[in-house]
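Trainee: I'd like to zoom in on one spot and then see how its surroundings fit together. Could you walk me through it slowly, chain by chain where needed?

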Amino acid sequence: MHPAYSVLLFTTLSGAGYGLMILLCLFGVAGVISSDPVMGLLGFGFSFGLVTFGLMSSAFHLGHPERAWRAVTQWRSSWLSREGVLALITYVPAGLFAIGWITMGDTSGVWALFGVAAAVGAVLTVYCTGMIYQSLRTISQWHNDWVTPIYLLLAIATGALWFNALVLAFGEGRSLFTWLCVSVLSLGMVAKFGYWHSIDTGKALRTPGHATGLARLGTVRQWETAHTQANYVQREMGFQIARKHAHKLRVYALLAGFIVPLFLCLSVVAMEEGRAAAILAFLAAAVSMLGMLIERWLFFAEAQHVVTLYYGAESA
Amino acid sequence: MTSLPESSSGKKLGLVIDLDTCVGCQACAVSCKEWNTTGHTAPLTDQNPYGAEATGVWLNRIHSYEVSPGTHGSGGMTVNFPRSCLHCEEPECVTVCPTGASYKRAEDGIVLVNPDTCIGCKLCSWACPYGAREYDEDDGVMKKCTLCVDRIYNENLEPEDRQPACVRACPTGARHFGDLGDPESAVSTLVRERGGFDLMPGLGYRPVNKYLPPRERRVGADTELAALKPADTGPGAAGDRVFRWLDRALSR
């Protein structure tokens, strides 16, 4: 599958943005962190920035961005539409909660309700993002039960890393937060291993014999291409640059996405709270974003669409 | 509305494609392009059409496959394989559409895209296992086979022309158009008699279009072929034996 930059950016950035939003809302409502207005402004500003940049970049990759509003109409059947609707709805309670926090320093009472609603909205939005991919029966590597949990775990993991950097910078760090990062990152890594194991050993893939319905006559292979130049179907669904580097990219994704951030988090735990800890926590968040970009790219590169069977692929 | 129509008329218009008689001439593909670049989906744009890297939107693609070994153990068989929208009964390309631009008509089951509301997100093309949808880079919207909806009901055309352009163009009668929801229609009879099949039925899209398998090759065809081989063994005329000895000598 062709990995559009807009989609890679959208899913990784908005994932982190929603993860950060979830933690700010939940810990803010629980009163575990102070409602310092500057921290609220920075935290929500960054969260909204990530989410909005992601949404805008995915809207601008459309053939007709000016019609994007139509995408909220088909929530009855389409996961993409549901994602759009939830993303827009979530702005409302999240915005109100942020206003209460920043202008009045109040995260209780009715403001707390907004906070909880925003956290629920953010979880559901990321869930829909995962389901857009998981619901596609045409791509066995995506039509896999690990996909949506991984989208959720990685969104919360990257969000937790940014959250940790933020609270440490404001002198409100707690080992609880760093251990939260370590737990969610570890869970994410385990899930990623589970996913890779599942797609590597999964059920037998289809062959050109299945695609053409001619399997009972013998082994089917492409004899002559249908056209001399690649068409849209081949460029979009048949894209496989990087698939041959999948093993290397898995290692890079693991290192940058999980192992280095885990190591940095453990160093933060071992340290006295202070500027150095905040810098390490910030580094952990930044490196994990790079890892998530690699992971997302790989998610596309390893996806084999069944239509490629008509174009010479031996299995998909 | 991208939810599928709840009640349908029972009419399922579609194509039956005979893989036995298709000769892979591409006439249907050309005719499709010609009609549809001025019809419902107009234009079907091309990029760099006269350059080295010509590319563009076509709604019908004709592949060629080799099947080996043949059912009679005698080498392979070449099968020409036209591929276009199958107007599925469970078209996930429709249900994934976030805008309602993709829809399946309740009255005849044809799957269409409204080019005025399509946002060009391409998700429908990801959801189609059959590669039936091609994105128009210039138009910014998705294009697909309309089953020539602008021909089949068009009373300005002669009755014999009220069928899809590909069917009208096929010189070998390998493409048949009709109502696959009516068990007594000519196309349904053809599917029954020839063992017509669905492409990738396991995916659950329930295609309306059917494919007819290549017929069994003639029994004894191999023996006849063998008879045409040069006689290089066994007794023959004296002259033949000389040539055979020369052949062996030169082979050393």
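Mentor: Start with A:Met104: if you skip its neighbours within four places in sequence, A:Met104 is in contact with A:Ile99 and A:Trp111. Keep in mind that this is a predicted model. A:Met104 belongs to helix H3 of chain A. In sequence, A:Met104 and A:Ser35 are 69 residues apart, yet their C-alpha atoms are 8.9 Å apart in space.

Now follow that helix outwards to the partner chain. The count of residue pairs in polar contact between chain A and chain B, with both residues at pLDDT 80 or more, is 28. On the side of chain A that touches chain B, helix H3 (79-104) is one of the elements that supply at least two residues each, along with helix H4 (110-134), helix H7 (208-212), strand S1 (219-224) and helix H8 (232-237) of chain A. The largest share of that side, six residues, comes from S1(A). Sorted by class, the side of chain A that touches chain B holds 26 nonpolar, 20 polar and 10 charged residues.

As for the size of the whole thing, 56 residues of chain A are in contact with 65 residues of chain B. Between them, chain A and chain B bury about 5000 Å², with carbon and sulfur atoms giving 57% of that area. In chain A, the residues that lose the most area to chain B are A:Arg137, A:Tyr232 and A:Tyr310, together 15% of what that side buries. A:Arg137 is worth a second look, as its side chain meets that of B:Glu92 in a salt bridge at 2.3 Å, N to O. The rule finds three salt bridges across the interface of chain A and chain B.

Back to S1(A), which pairs with strand S4 (residues 60-68) of chain B in the antiparallel sense, over five bridges. Within that pairing, A:Glu224 has B:Ser64 of S4(B) as its bridge partner. The result is an open sheet of three strands in the order S1(A)-S4(B)-S5(B), with antiparallel pairing. S1 of chain A and strand S5 (77-84) of chain B are the edge strands, each pairing on one side only. On average, neighbouring strands of this sheet are turned by 40° against each other, direction ignored. S4(B) and S5(B) pair antiparallel over eight bridges, and B:Val67 stands opposite B:Met77 in S5(B).

Chain B has another open sheet, with three strands in the order S10-S1-S11 and mixed pairing. Its edge strands, each pairing on one side only, are strand S10 (175-179) and S11 of chain B. Here the twist averages 25° from one strand to the next. S1(B) and S11(B) run parallel, paired over three bridges, with B:Val16 opposite B:Lys210 in S11(B). Helix H6 (residues 186-194) of chain B lies across S1, S10 and S11 of chain B, at about 120° to S10(B).

One last link in that part of chain B: the side chains of B:Asp20 and B:Arg215 form a salt bridge at 2.9 Å, N to O. That pair ties together distant parts of the chain, 195 residues apart, with B:Asp20 in the loop between strand S1 (13-18) and helix H1 (27-36) and B:Arg215 in the loop between strand S11 (210-212) and helix H7 (221-227) of chain B. Over all chains, the salt-bridge count comes to 21.

Terms used. Residues are numbered from 1 along each chain as its sequence is written. Chains are lettered from A and ligands numbered from 1 in the order in which they are written. This is a predicted model: local features need pLDDT of at least 70, side-chain atom pairs count only at pLDDT 80 or more; totals for chains, interfaces and linings use all residues. Side-chain values use heavy atoms; hydrogens and water are left out. Contact means heavy atoms within 4.5 Å. Buried area is the accessible area (1.4 Å probe) that two parts lose on being put together, summed over both. A salt bridge is a side-chain nitrogen of Lys or Arg within 4 Å of a carboxyl oxygen of Asp or Glu. A polar contact is a pair of N or O atoms within 3.5 Å; within protein, one must be able to donate a hydrogen and the other to accept it, and residues adjacent in sequence count only if both atoms are side-chain atoms. Helices (H or I, at least four residues) and strands (E, at least two) are DSSP runs, numbered from the N terminus. Ala, Val, Leu, Ile, Met, Phe, Trp, Tyr, Cys and Pro count as nonpolar, Asp, Glu, Lys and Arg as charged, and the others, Gly among them, as polar. Two strands pair if DSSP finds at least two bridges between them. Axes are lines fitted to C-alpha atoms, for helices over the stretch in contact, and angles run from 0 to 180 degrees between N-to-C directions.
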